[in-house]
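The following exercises are to be worked with the sequence and the coordinates at hand. Each task is followed by a solution in steps.

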Amino acid sequence: MPSMRQLLPLLLSAATATSTVAQSPATTYRATERKVNDLVHTKLDLRFDYAKRYAYGQEWVTLKPHGYATDSLRLDAKGMDIKAVSLVRNDVPTPLKYTYNQRKLLIGLGRMVPAGEAYTIYIEYTAKPDELDIKGSEAIGGAKGLYFINPDSAVAGKPVQIWTQGETESNSAWFPTIDKPNQKSTSEISLTVPSKYVTLSNGALVSQTPAGLGLRRDTWKMDQPHAPYLFMLAVGDFRKTTDTWRGKEVSYYLEPQYAGQARAVFGKTPRMLEFFSERLGVAYPWKKYAQVVVRDYVAGAMENTSASLFGPHAQGSAREVADWDYTLVEREIAHELFHHWFGDYVTAESWSNLTVNESFSNFSEVLWAEHEYGPDAGAAQAYRSRQNYLGNPANHSRLLARYQYADKEDLFDAVSYQKGGSILNMLRTYLGEAVFFSGLKTYLTQNAFGTGEPHQLRLTLEQASGQDLNWFFNQWYYRPGHPVVSIDYAYDAARREQTVTIKQTQPGPIYQLPMAVDVYLNGRPQRHQITVRQVTETFHFPAASRPELVNVDADKVLLWQKTDNKSLTEYAAQLRLASRYLDRREALAAAQTQLKAQPADALARQLLTAGLTDKSPVLRQFAIEAFDLQIVAQRKAAAPALARLAATDASVQVRAAALTALGSLKDKQYLPLFTNALANPSYRVQGAALLGLLGLRPEQALARAATFEADNKGSLTVALVQVYGQAGSPAQWPLMRTKYDAADPPTRFSLLGSVGSMMGRTDDAMALTEGITRIKDLTVRYKPYLDASRLIGLLRQIEQQQATRPNAALVAQMVTAAVAEIEAAK
Ligand SMILES: [Zn+2]
């Protein structure tokens, strides 16, 4: 599950700087929950009160004392009314004594039950998730467990839905259970719902029966054990699209208006099932695989066993879906599916060990990209992950296997996800594909329907490889941080020898780093395997003449920060000779750095120009954005290629980036290019073209904007608002306001500048109030994630622009109040 806190800074980082809130030190050792009783089977019968937002539940939960006899049972049950608790024997209930404190239900069993003897408890209860008293950090991602969406139909056009989110320990807000990841239970969930709705839950739908008064009772049965946090239900007006894989049902539940795109979004699922099953040597173990898209979801997506749940970003019109890149939804589909091995089949024993769930799913995003789109796409995804971890210094002090933490929700960070995924990718290269995956197969087989922690992973990889791996796991899993190195090169002509010196400069212990070094002579690489073990270490390689390139970490998989003391000439050789994505990216980045220091550097310009025709669309876009087109020499070098990319590139992202770059030139020779691109089916391309037109012909841009009013999404919506904000009359403020209010928070941030432009020149007091309030509200709401001073600057700019206009006094007063509120916000 990608958590909201992880997602939000990512989404906002394009618009604003991010800041990290310091964590309070936490030194308590977080032991795995002791097993006194083991869950065996959970049978639930639920009805819903949409008006009160209640669930009325009956539960029959079967358990066994784990290792010792016990006379009591402790269940997690959050914010419920408990109506009855009894022991059920031969269908006869015997009331039991219990105490309940709104969090824990402590039940006296009336006798010592021997270890291993099954007993069944009946509980009648009301779950009241909306009245749950949620404290502290739990409130950030939401911990209600059970969510009623638009239950009273108050919002016209918005679907009425019920869905659940269990991870980490929120499912105990809708059924009493032992809400810990080291428990597993089979399940049978009956849902009585209005018969117009569709239901989804774990396992197979075994019966549907009329339940009177326009109601229907659906029963879902899961006969394989899974952890309580993976239990789910969803109820709503979903339209189901069905595929199959190896005879199993694969289904996609979307709102009816988006059902036509179900296969465009989720249609690769059967092939993913095949690929992951083959690669892992363990066939997808569950009876079916469903994916459902719901409104107002609190995170990105969630791997509920056999029924993954996605937020509303995973549905869209055909044109919207065509504009998505890999990172948006396809990556998530792979991620949640891979959890059905790492997470659902073998589950992290405790939240401290979350890495054995999330690092694997993060790694699967690379595996699928590589399989589906080739090695460049896999490496591009791996690079994004690595940078995501490296980019935030707060990550560098957090352990991957983390037995100390302040809050279990903290584990859902770029360490458990991206650092861990990067480490697995590195381990795959170090051990080799076959050995690595055979080790994973053993891990999955030995711990099937059980739990895992990194030591179990190490032991199975040791078994597969015949090597001790303590050194690897100790440095990567049980210590924080990563190596920071500088790399220096020298050639000794007399000795016919190339040397490479690697110096580790990170604080703390040194790392042991096995890696490949490719030494290129006459265009051909000679590969050497080395292992760095010292603080400073020099390696010697025979070379008859000075090599064109020495490529350290030639597989480009190490998780490290390096200062690579290479000349641009060497990077030019790297771009020409070394074939990997990251080899090329490093060379282009070096050229970009050089051009910032020396804007007229011919070699750097030449490298970036080559980047414009790189086979990776990600690198073509990188090269486009690396040019500074205000510099004449760079403009001359890039512009012809940019015009070609803008008109013909296969990737809509690349086309849009080229149009945006050319738009910054405000050169009328590109007018036909922008005009033609406005007819492109891609919203991205249209949006970039419209802004290009805005720079040249504001009146035409306004006229074209009007023609897009009926159908605009994403980048095109942002462009429309920008056209109105910069060139429109104050009469267009209501159009801008409507689009702003309909946008998600990250899009709203990209609209703020345009709102500011309009506020700077409108004389409508109502519009001024609406605009300034919106800027202020968004800033207050997301203050921890953004650079508030920039937005205060925007408010001050409005005040300045209004200083000579009729509402100057009003605006000054509003801005002062808004700034005070922003500054007071936490
Ligand atoms: Zn996940």
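**Exercise 1. Describe the open sheet of 3 strands: its order, its edges and its twist.**

Solution. The model is a predicted one.
Step 1. The strand order in this open sheet is 3-7-6, and the pairing is antiparallel.
Step 2. Strand 3 (70-76) and strand 6 (98-100) each have a single partner strand and stand at the edges, so one side of each is left without a neighbour in the sheet.
Step 3. On average, neighbouring strands of this sheet are turned by 20° against each other, direction ignored.
Step 4. For the pair of strand 6 and strand 7 (residues 104-113), the antiparallel contact consists of 3 bridges. Within this pair, Tyr100 stands opposite Leu105 in strand 7.

**Exercise 2. Determine which strands pair with strand 11 (residues 185-194), and in which sense.**

Solution.
Step 1. Begin with burial, for which the cut-off is under 20% relative accessible area. In strand 11, 10 of the 10 residues are buried, so the strand is largely enclosed by the rest of the structure.
Step 2. Strand 1 (residues 37-49) pairs with strand 11 in the parallel sense, over 7 bridges. Here Arg47 stands opposite Thr192 of strand 11.
Step 3. Strand 14 (residues 215-226) pairs with strand 11 in the antiparallel sense, over 9 bridges. The bridge partner of Thr192 in strand 14 is Arg217.
Step 4. Combining these, Thr192 stands opposite Arg47 and has Arg217 as a bridge partner in strand 14.

**Exercise 3. Analyse the surroundings of strand 25 (residues 513-521), including its hairpin with strand 26.**

Solution.
Step 1. Strand 25 is mostly covered, with 7 of its 9 residues buried.
Step 2. Strand 26 (residues 524-532) runs antiparallel to strand 25 and is joined to it by 9 bridges; Val517 stands opposite His528 in strand 26.
Step 3. The hairpin of these two strands has 2 residues between the strands, and Asn522 takes a positive phi near 50°.
Step 4. Strand 28 (residues 549-552) also pairs with strand 25, through 4 bridges in the antiparallel sense. In this pairing, Tyr520 stands opposite Leu549.

**Exercise 4. Identify the buried residues of helix 13 (residues 568-577) and the elements that cover them.**

Solution.
Step 1. The buried residues are Leu568, Tyr571, Ala572, Ala573, Gln574 and Leu575.
Step 2. Their cover includes strand 28 and strand 29 (561-564), together with helix 14 (581-597) and helix 15 (602-611).

**Exercise 5. Locate the nonpolar cores, and characterise one residue of the largest.**

Solution.
Step 1. The largest nonpolar core has 94 residues, and those with the most contacts inside it are Leu612, Ile624, Leu642, Leu659 and Leu690.
Step 2. Leaving aside residues up to four places away in sequence, Leu612 touches Arg620, Ala623, Ile624, Phe627, Ala638, Ala641, Leu642 and Leu645.
Step 3. A second, separate core has 85 residues, among them Tyr252, Phe276, Tyr289 and Ala314.

**Exercise 6. Relate the domain division to the UniProt annotation.**

Solution.
Step 1. The chain is divided into domain 1 (37-325), domain 2 (344-476), domain 3 (484-565) and domain 4 (729-826).
Step 2. The centres of domain 3 and domain 4, taken over C-alpha atoms, are separated by 53 Å.
Step 3. The unreviewed UniProt entry places the feature "domain: Peptidase M1 membrane alanine aminopeptidase" at residues 267-476.
Step 4. The span 267-476 is 53% helix and 9% strand, and its end C-alpha atoms lie 36 Å apart.

Note on methods
Residues are numbered from 1 along each chain as its sequence is written. This is a predicted model: local features need pLDDT of at least 70, side-chain atom pairs count only at pLDDT 80 or more; totals for chains, interfaces and linings use all residues. Side-chain values use heavy atoms; hydrogens and water are left out. A nonpolar core is a set of buried Ala, Val, Leu, Ile, Met, Phe, Trp, Tyr and Cys residues joined through side-chain atoms within 4.5 Å. Buried means under 20% relative accessible area, exposed over 50%, partly exposed in between (1.4 Å probe, protein chains only). Contact means heavy atoms within 4.5 Å. Domain bounds come from an automatic or database domain assignment. UniProt positions are given in the numbering used here, feature names are shortened, and annotations may be inferred rather than shown by experiment. Two strands pair if DSSP finds at least two bridges between them. Axes are lines fitted to C-alpha atoms, for helices over the stretch in contact, and angles run from 0 to 180 degrees between N-to-C directions.
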